[in-house]
Amino acid sequence: MRSWFVVARSRQVGDKPLAVTLLNRPLVIARDREGTLMALDDCCPHRHVPLSLGRMTDDGLQCAYHGWTFRADGRCVSVPGLVPPACAPAARVGSASVMENDGLVWVRLDGHGTTQNGTLPAFLHRLSPSSRRFVWQSTWRARAVDALENFLDAQHTHFVHAGLVRSVQKRNIVEATVSKTPGSIQVDYRGQPTQSGWLYRLFESPREIERAHFCASAAGTAQLEYRYQNGSALYFTLHFSPIDETRVRVHGTLHVENRWAPAWALRLIAWPFLRRVLAQDQAIVEAQQRNRERFRRGEGICSELDLVKPVLDATWLQSSSPCNVVSVVSMSI
Ligand code: FES
Ligand SMILES: [Fe+2]
């Protein structure tokens, strides 16, 4: 897939190589002595031992079995014991593109080596590291496309998060401006400065706008942006990276701008509520996955309220792409 995915937190990749799996491809992520990242197939070409069992040396990533050593581009640079020192000519391991952004390690499977300037969606570029409050990780038994839709869609919140996010009895008519391109969608919700749930009442103030973002250049990533009338802003970003067809690794970040919200206070006070919301989302998309398998179902029926599904399906299920279009939908949420 021609797209960037988050596979780890930056601080998880230190001296010890880290094993991850992205889209069925087992990789080892490691950092050389200069701090440069590498993403290699987690399989030594000599006798197929996982390279993630190895260690970093001054020359590169050294296999735990016979010590063959590999650079970030996958080249073997040392076969211990050969006299004179040399390398087996065909010894090379597959590599993927890797970079760091916002304290996270990103991998792109269709590229090679380290890159500094991967093409991430514009909505990620505005996040300043100083506004990042925490990173959360989990694994869900779900498809990425379903987890993304769940995160971006507002219509489930009255039921799955009743009382916490919204309530069925307290709906407002809002205007949703939907801007679509073949690989991206932005939905701007206007007309709902306040919200009925406890999360709003405890931690928010009147909103100017709520926005949902998705772009296929980081196909597992989606963001909810909340801008407030007092000039503050909050960005909740989830990164869903498929391990295989039915499991996703999830990384979540919260960025806060222009308001008092130290990390310790958020962890102590807001996190228990957010964790509950995330657990509710995980439970519903896992139930969806189990039942799709039980009934052997494909995609479901859509209504006009299913704003993000066509763009997500075009990216994840290769269905026909929507063209560039901006539309305004009235709905009650
Ligand atoms: S299996 Fe890796 S060096 Fe032999
Ligand atoms: Fe939700």
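The questions and answers below go through the domains, the core, a helix pair and some single residues of this predicted model.

Local features are given here for pLDDT of at least 70 and side-chain atom pairs only at pLDDT 80 or more, while totals for chains, interfaces and linings use all residues. Residues are numbered from 1 along each chain as its sequence is written, and chains are lettered from A and ligands numbered from 1 in the order in which they are written.

Reader: Which elements give two or more residues to the side of domain 1 that touches domain 2?
Author: The domain assignment, whose bounds come from an automatic or database source, gives domain 1 (5-114) and domain 2 (122-332), with 34 Å between their centres taken over C-alpha atoms. Counting two residues as in contact if their C-beta atoms, placed from the backbone, lie within 7 Å, the contact takes twelve residues from domain 1 and 13 residues from domain 2. On the domain 1 side, the elements that give two or more residues, named as DSSP runs numbered from the N terminus (helices H or I of at least four residues, strands E of at least two), are strand S1 (5-9) and strand S2 (18-22).

Reader: Where does the largest nonpolar core lie with respect to domain 1 and domain 2?
Author: A nonpolar core is a set of buried Ala, Val, Leu, Ile, Met, Phe, Trp, Tyr and Cys residues joined through C-beta atoms within 7 Å, and a residue is buried if 20 or more other C-beta atoms lie within 10 Å of its own, exposed if 12 or fewer, and partly exposed in between. The largest such core has 62 residues, and those with the most contacts inside it are Ile29, Val98, Val105, Val107 and Leu148. Its largest share, six residues, comes from helix H2 (residues 144-152). Because domain 1 (5-114) and domain 2 (122-332) both give residues to this core, it lies between them.

Reader: Is H2 parallel, antiparallel, perpendicular or oblique to H5?
Author: H2 and helix H5 (residues 263-295) pack at an angle of about 140°, with their axes 10 Å apart; such axes are lines fitted to C-alpha atoms over the stretch in contact, and angles run from 0 to 180 degrees between N-to-C directions. Angles under 35 degrees count as roughly parallel, over 145 as roughly antiparallel, 65 to 115 as roughly perpendicular and the rest as oblique. The angle therefore makes H2, relative to H5, oblique.

Reader: Which residues of H5 are met by Asp146, Ala147 and Asn150 in H2?
Author: These helices pack with their axes 10 Å apart. The three residues of H2 meet, in H5, Asp281, Ile284, Val285, Gln288 and Gln289.

Reader: Is Asn24 buried or exposed?
Author: Asn24 is found in the loop between S2 and strand S3 (25-31), and has a positive phi of about 70° although it is not a glycine. Most residues other than glycine have a negative phi. With 10 other C-beta atoms within 10 Å, Asn24 is exposed.

Reader: What is omega for the cis peptide bond that joins Val83 and Pro84?
Author: Pro84 is found in the loop between strand S8 (76-78) and strand S9 (97-101). The bond joining Val83 and Pro84 is cis, and its omega is about -5°.

Reader: Which residues does Thr315 touch, not counting those up to four places away in sequence?
Author: Thr315 has its place in helix H6 and counts as buried, with 25 C-beta neighbours inside 10 Å. Leaving out residues up to four places away in sequence, Thr315 touches Gly183, Ala216 and Ala219.
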